[in-house]
Amino acid sequence: MTDSSSPILRISALTKTFDDFTALHGIDLNVRDGEFLAIVGPSGSGKTTLIRILVGMDEPSDGAVWLRGNRIDVVPANKRPTCMVFQSLALFPHRTVGQNIEFPLKLRGVPAAERKERALELLETLRLPRDYYTKRIQQCSGGEKQRVALARALAFDPEILFFDEPLSALDYRLRKTLEKELKDLHRRTGKTFIYITHSLEEAMVMSDRIAIMKAGRFEQIAPAEEIYARPVSKFVAEFMGEVNFFDLENGAAPGVMLSPAATGALAGRSGTLTIRPESLRKLSGGASADLSFEGTVTAEYLLGSRMQYRMTLTTGQEMIVEVLRENAVEDGIGAHLRVGCDLTAAHLIAEAADAAA
Amino acid sequence: MKTSRLSTALLIAYGIAILGFLYLPLVSVGLASVSKARYLSFPIRKYAFGWYEEALTSDTVRDLLVISLKVAGVVTVASMVIGFFGALAFARYNWRFRKTYQKLILLPIFFPQTVLGLALLMWFNALGVVPSWKTAIIAHLVWIAPIATLVVSIRAFSFDAALEEAARDMGASQWQTLKEVTIPLLMPGVTSAGLFAFLLSWGNFPLSLFSTGADSTLPEWLFAKMVSGYSPLVPTVGMLTVATSAVLVIGGLLLAWAIRRLRPDT
Amino acid sequence: MQRRERKLGLLYAAPLSLFLLLTFLAPILLVAGFSTMPEKVFSLTQMPDFSAYRTVLTQGYWKSVAWSLFMALLATLILLVICWPLAYGMAKVFKRFTLVLTIGVVMTLFVSENIRLFGWVLTLMKGGLIEGYWRYWTGQGFDAPLYNGPIIVFGLVYVYLPFMLFPLAQGISMVPDDARQAAYDLGATRWQILKEIDLPLAMPGIMVGSLLTFVLAAGAMAESKLLGGRAIITIADEVQTAFTYGQNWPLGSALAMVLIAIIGTMAIWAISKADLDAMMGRKS
């Protein structure tokens with residue numbers, strides 16, 4: 001997926017207000033052809049509102065949307081070359097699997113034989129047995145229903161597929177399996193996927209880019225690694241996972257001991273330093289690091305392959321540290337601990353430390 | 001894919017039109033009841049409440065009223081009791097013939113009342129019972145008791161079985177459970193059923209026609225007059241019966257609303 | 001708990017069941033018995049000869065049956081069309097107006113049918129509400145559209161509207177919104193959604209409403225008597241006449257049995273199909 005010439009979907013200044021409440025504040029977004037874009041945010045951030053407008057179920061209050069250069073926000077949903085996979089899947093309970101898949105084709109007057117052929121093709125693409133063609137929807141398992149919904153959405157070859165939290169109701173194992181299958185499907189079909197979820201994990205596994213949404217605005221749109229390592233705000237940093245924040249004022253941060261190299265790099269700068277727990281390592285003896293911290297362990301948690309510690313620094317601030325199990329702290333709670341990290345692991349956010357997140 | 005504002009407005013207009021259509025005849029009856037003329041024709045020349053005065057002081061009307069009230073009253077009480085137990089059997093307890101029972105209860109509701117009335121007349125005759133307002137009660141109940149049961153069942157269906165079980169677990173006897181848990185929980189349904197029963201009995205004609213014998217209820221009298229021997233009292237008495245129904249319904253709704261305000265946990 | 005429930009269920013069901021057995025099933029059996037008796041007889045002691053049924057077939061009484069059923073069918077179809085938009089509105093569109101409509105419609109059920117039909121006579125007759133004021137304002141009168149066949153169907157439509165409206169609204173409310181939205185998203189027009197999604201999924205409501213309306217309308221009498229004059233005699237009317245003026249209980253019974261047989265079969269079929277527990281939202 002290369003950064004192609006023009007985006008497949010262009011959203012400009014999209015706004016939506018309901019009576020006295022603004023759900024979307026002038027959203028701008030360019031979606032690349034064939035990319036898997038995840039839109040992530042807490043509930044109430046406006047993700048569903050945005051998707052409904054893109055699909056055509058709601059009208060924007062202001063702004064416009066172009067698909068391949070054509071204005072589509074004025075086109076009714078049933079005429080748009082887009083398709084949505086609903087959270088509830090919205091399969092037709094009174095029809096068989098085959099009839100569900102063929103539905104969009106039937107609407108467009110495709111003859112029966114051709115419809116059946118395409119349906120069987122899609123069953124294969126979605127890795128469902130051919131004889132599921134005549135199966136009733138009620139008899140399908142959760143994962144199978146997901147695939148039928150996907151097959152139906154792909155049937156009329158839409159330009160963009162939208163997903164509204166399709167996996168949130170499934171149990172862990174099934175979700176994990178389907179995440180990988182969705183990513184695989186995306187690769188095989190080459191279509192543009194726009195995927196809404198509140199689960200960061202899902203987004204990170206499947207997407208090419210993630211758009212973090214908060215209160216009707218995009219905070220950051222970038223690939224997962226970039227957002228993780230270089231978040232633009234405290235909100236994004238915290239949203240992506242556990243993180244430690246340190247105020248930096250004029251090159252100095254209380255509780256943070258800087259090496260000469262680090263002091264030089266941060267000289268005169270202010271903002272918030274963000275450090276991920278897993279980028280810290282135990283410092284024993286006289287070992288040093290670009291940034292080092294000292295304190296006492298107050299809690300320890302076993303996280304599968306890693307140990308997580310909470311420690312209180314000499315300044316009183318709390319800190320979270322994650323290390324591999326083999327590097328566990330011996331004395332556990334109450335032990336004195338020194339940890340440190342490289343300069344590259346500390347990311348500076350321009351936002352002031354006490355700015356509202 | 002929301003319905004457009006225009007479509008919604010059209011639908012509402014349609015709904016209002018249908019409501020108007022449903023109530024239009026009553027408007028005519030209402031107007032007729034205040035027309036001074038003996039032989040009715042529109043436009044009404046003179047308005048007067050004279051007919052109401054006559055109706056309210058008439059002995060005939062008073063007798064009819066008493067009969068109608070007696071029948072409706074007994075039917076109401078009987079329906080509430082039968083409906084209470086019937087609904088528990090219908091909706092709540094898992095017993096062997098429940099499904100069959102459900103179907104049996106529904107049959108009288110679908111049945112043409114005229115035929116039912118006539119069948120009952122024959123039956124009373126065969127049993128040697130002379131039809132009177134008492135037999136009318138039985139006739140009404142055949143149709144109304146199942147309806148009352150259904151109404152209470154609506155409430156009984158959302159009944160949480162755990163409540164009764166909890167009571168028993170704490171040591172309550174069958175009677176105590178009934179008194180402390182079941183009856184209070186179902187009471188709103190039972191009162192609704194009672195209201196329904198009264199109103200349906202109050203306005204019923206086909207069943208009354210054949211089962212009252214020498215006695216006569218208000219609807220019976222009205223029908224007889226409508227078909228032959230029109231009297232200006234007909235619209236008047238008609239409106240009085242409608243007014244009674246309306247008062248009861250509105251009273252019932254207000255009561256329900258008031259109770260809900262005073263006891264927000266219901 | 002199970003055994004207690006079973007005993008309680010049986011016990012509580014007893015009053016209503018026994019009552020209906022005695023006052024509903026027994027009279028019907030009596031009617032059935034009488035229908036086999038020789039005509040113009042008032043007791044069951046004769047030998048069954050089914051002559052009444054022969055009369056029904058040969059003397060043209062079957063015409064009343066046919067007419068009654070036909071009018072009921074017509075009324076049902078008309079009501080389906082009239083009520084569908086309103087039921088759709090109640091189930092999917094209106095918010096508080098649904099309650100207003102429900103109460104408004106239910107209240108009419110508590111007014112005696114006779115009074116309401118009589119009101120139509122007053123409204124439609126010559127000199128009535130419509131014609132009277134029309135003549136007063138425009139100087140032109142017209143004949144009352146009463147005392148004919150169509151007005152009877154009109155009366156049936158009027159009286160049985162609630163019985164089609166509520167089941168229909170219930171049925172439509174069970175059509176999942178997301179299925180409709182998905183169909184729209186996949187490219188369906190409004191008509192296609194109606195045909196492919198709404199109608200099939202609302203079918204239980206459509207069936208219940210249609211059956212209820214048809215069955216009740218087939219056994220109706222007041223509409224034809226009050227509005228239709230003697231234009232068409234319904235079967236219920238014939239039954240009544242046979243029993244009262246005709247003094248012919250076996251004939252009346254036979255006619256009644258024909259009506260019961262037709263309505264009964266449909267009612268029993270409909271009831272056996274309906275899963276009441278599901279419809280009324282049983283919790284346990």
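Me: Which residues are exposed on the other side of helix 5 of chain A?
Reply: In this predicted model, they are R173(A), K180(A), D184(A), R187(A) and R188(A). To count as exposed, a residue needs 12 or fewer other C-beta atoms within 10 Å of its own.

Me: And which residues of helix 5 of chain A are called buried?
Reply: R175(A), L178(A), L182(A), L185(A) and H186(A). The bar for that word is 20 or more other C-beta atoms within 10 Å.

Me: Why can you say that these buried residues line one face of the helix?
Reply: Look down the axis of helix 5 of chain A: the buried residues fall within an arc of 95°, so they line one face.

Me: What do the buried residues of helix 5 of chain A pack against?
Reply: Four elements of chain A: strand 3 (36-40), helix 4 (142-155), strand 8 (192-197) and helix 6 (200-206).

Me: How do you know that the length of helix 5 of chain A is close to what is expected?
Reply: Set the two values side by side. Helix 5 covers residues 172-189, which is 18 residues, and it reaches 26 Å from first C-alpha to last. At 1.5 Å a residue, the expected value is 26 Å too.

Me: What follows helix 5 of chain A?
Reply: G190(A) does, and its phi is positive, near 70°.

Me: What does the rest of chain A hold in the way of helices and strands?
Reply: Counting the whole chain, there are 9 helices and 19 strands. Buried residues make up 38% of the 357 residues.

Me: Now for the other chains. What makes helix 5 of chain B and helix 1 of chain C roughly perpendicular?
Reply: Their axes come within 9 Å and cross at roughly 85°. Angles from 65 to 115 degrees count as roughly perpendicular, so helix 5 of chain B gets that description relative to helix 1 of chain C.

Me: Which residues meet there?
Reply: From helix 5 of chain B come A119(B), L120(B), M122(B), W123(B) and A126(B). Helix 1 of chain C brings T23(C), A26(C), P27(C), I28(C), L30(C), V31(C) and F34(C). By class, this helix contact has 11 nonpolar residues, 1 polar and no charged.

Me: How many residues does the whole contact between chains B and C take?
Reply: It takes 76 from chain C and 75 from chain B. On chain C's side, helix 1 (residues 2-35) gives the most, with 20 residues. That side divides into 48 nonpolar, 20 polar and 8 charged residues.

Key:
Residues numbered from 1 in each chain as written. Chains lettered and ligands numbered in written order. Predicted model: local features only at pLDDT ≥ 70, side-chain atom pairs only at ≥ 80, totals over all residues. Contact = placed C-beta atoms within 7 Å. Helix = DSSP H or I, 4+ residues; strand = E, 2+ residues; numbered from the N terminus. Nonpolar A, V, L, I, M, F, W, Y, C, P; charged D, E, K, R; others polar. Axes fitted to C-alpha atoms, helices over the stretch in contact; angles between N-to-C directions. Parallel < 35°, antiparallel > 145°, perpendicular 65-115°, else oblique. Expected span 1.5 Å × (residues − 1). Arc of directions from axis to C-beta.
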